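Trainee: I'm new to this one, could you walk me through it?
Mentor: Gladly, let's bring it up and go through it together.

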Amino acid sequence: MDHSKFVKYLDGDGSTKGAAVVHVPSASATLPTITKNRSSFPITANSRVDVDMSYNINGYDSGAFSLSQIDASTVAYDKAASLMYNINQALGQVVGNQTAYAWSPTSATTFGTQRIIRTSGATQTAALALPGASGQSRNALTLANIAQAKNMLDQDLMPAEDRYMVIPNSIWSFDILPLANITQYLQLGSVAGLQEGKISEGKNPSFLGRIYGFNIWERQSVSVYAGSSANTDASLALVAINDGGEPSAFTAYDNLAIIFGHRSAVSQAYGQTVMFYQPNNPLYLGDLFSAYIRHGASQLRSTVDGRGVGAIVQR
């Protein structure tokens, strides 16, 4: 999976930042009041107080790897190229994980509006993929749940274009792929169906196509929500992640999540991956490799009205 293309496509403001903090102006929740055939003048002028949304840019490094001259000269492949590839992939995975976490609703309700939908399909265990949840069952994701997500963004007055949805690999494989109409579109490669969209699937292997107007992406890791034995929406809480973008531990009540939203409601900033290379280091009798990238991500309306983002969480 090419995480760099996933990150760059979902870049909310389409820019690379060099500062330590990103400031993004966000419109307030105040909407104009429309008057038909106005007869009273002068008109009272209203003001809109916008919000300065800011978020930090963090630095991520791979640590250093050494490649001894003996190892480099005896293996039957280019180990240096393999090392750099693994380092770059690992950084991309972490950046993708951090982005998914930053764009996930922190609770079921924000500013009085529902931000989390629960899966409602048949009970299954195949799409759990959480170590602590072994033996537990969850309801499958359905097309009706995706339609609910579409309706949420419709109610948020989000544009129809540039809507995204990120689905964990296991949920896509076990819940969506077996559906007859999805399978047909994939087998026939229908331009008008699932494969509709502006993104070339061949160049973006993690892009799956379009469903109900969403550009669908799959990832191994998206977000996890902790639940309770009562299994209520109010008990859901976004599970915190470590520096690597993964939850440190899992429980039996944890649930995988699908995140969705509109690109205008989220933002991220990232730099190019910088690769460091020092040949012939006398302390290691070989070469040293490492890499570094700067990245940050945030929702843009989380302190205004919460519009434009949501999640579908397993029940």
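Mentor: What follows goes from the whole chain to a helix and then to some single residues, and please keep in mind that this is a predicted model.

Trainee: How many helices and strands are there in the chain?
Mentor: The chain holds 6 helices and 19 strands, and of its 315 residues, 44% count as buried.

Trainee: And how much surface does the chain expose?
Mentor: About 15,800 Å² is exposed, with carbon and sulfur atoms supplying 55% of that area.

Trainee: What about contacts along the chain?
Mentor: Among contacts with a separation of 6 or more, 77% are between residues 24 or more positions apart.

Trainee: Switching to helix α3, what span should its 24 residues have?
Mentor: Helix α3, residues 79–102, should span 34 Å at 1.5 Å a residue, and its end C-alpha atoms are 35 Å apart, which agrees. At the start of α3, a side-chain oxygen of D78 comes to within 3.3 Å of the backbone nitrogen of A80.

Trainee: Where is Y253, and which residues is it in contact with?
Mentor: Y253 lies in the loop between β14 (237–238) and β15 (254–262). Setting aside neighbours within four places in sequence, Y253 is in contact with R138, Y225, A226, G227, S228 and S229. The C-alpha atoms of Y253 and N231 are separated by 8.0 Å, although these residues are 22 residues apart along the chain.

Trainee: Why does Y253 count as partly exposed?
Mentor: Because its relative accessibility is 41%, and partly exposed covers values between 20% and 50%.

Trainee: Last one, which residues make the nonpolar surface patch of about 250 Å²?
Mentor: That patch is made by V274, F276 and Y292. V274 sits in strand β17, residues 274–281, and is partly exposed, with a relative accessible area of 37%.

How values were computed. Residues are numbered from 1 along each chain as its sequence is written. This is a predicted model: local features need pLDDT of at least 70, side-chain atom pairs count only at pLDDT 80 or more; totals for chains, interfaces and linings use all residues. Side-chain values use heavy atoms; hydrogens and water are left out. Patches are made of residues with over 30% relative accessible area and no salt bridge: like charges are joined within 9 Å, nonpolar side chains (Val, Leu, Ile, Met, Phe, Trp, Tyr) within 5 Å. Accessible areas come from the Shrake-Rupley method with a 1.4 Å probe; for residues, only the protein chains shown count as cover. A salt bridge is a side-chain nitrogen of Lys or Arg within 4 Å of a carboxyl oxygen of Asp or Glu. Helices (H or I, at least four residues) and strands (E, at least two) are DSSP runs, numbered from the N terminus. Buried means under 20% relative accessible area, exposed over 50%, partly exposed in between (1.4 Å probe, protein chains only). Contact means heavy atoms within 4.5 Å. The expected span of a helix is 1.5 Å times one less than its number of residues. A polar contact is a pair of N or O atoms within 3.5 Å; within protein, one must be able to donate a hydrogen and the other to accept it, and residues adjacent in sequence count only if both atoms are side-chain atoms.
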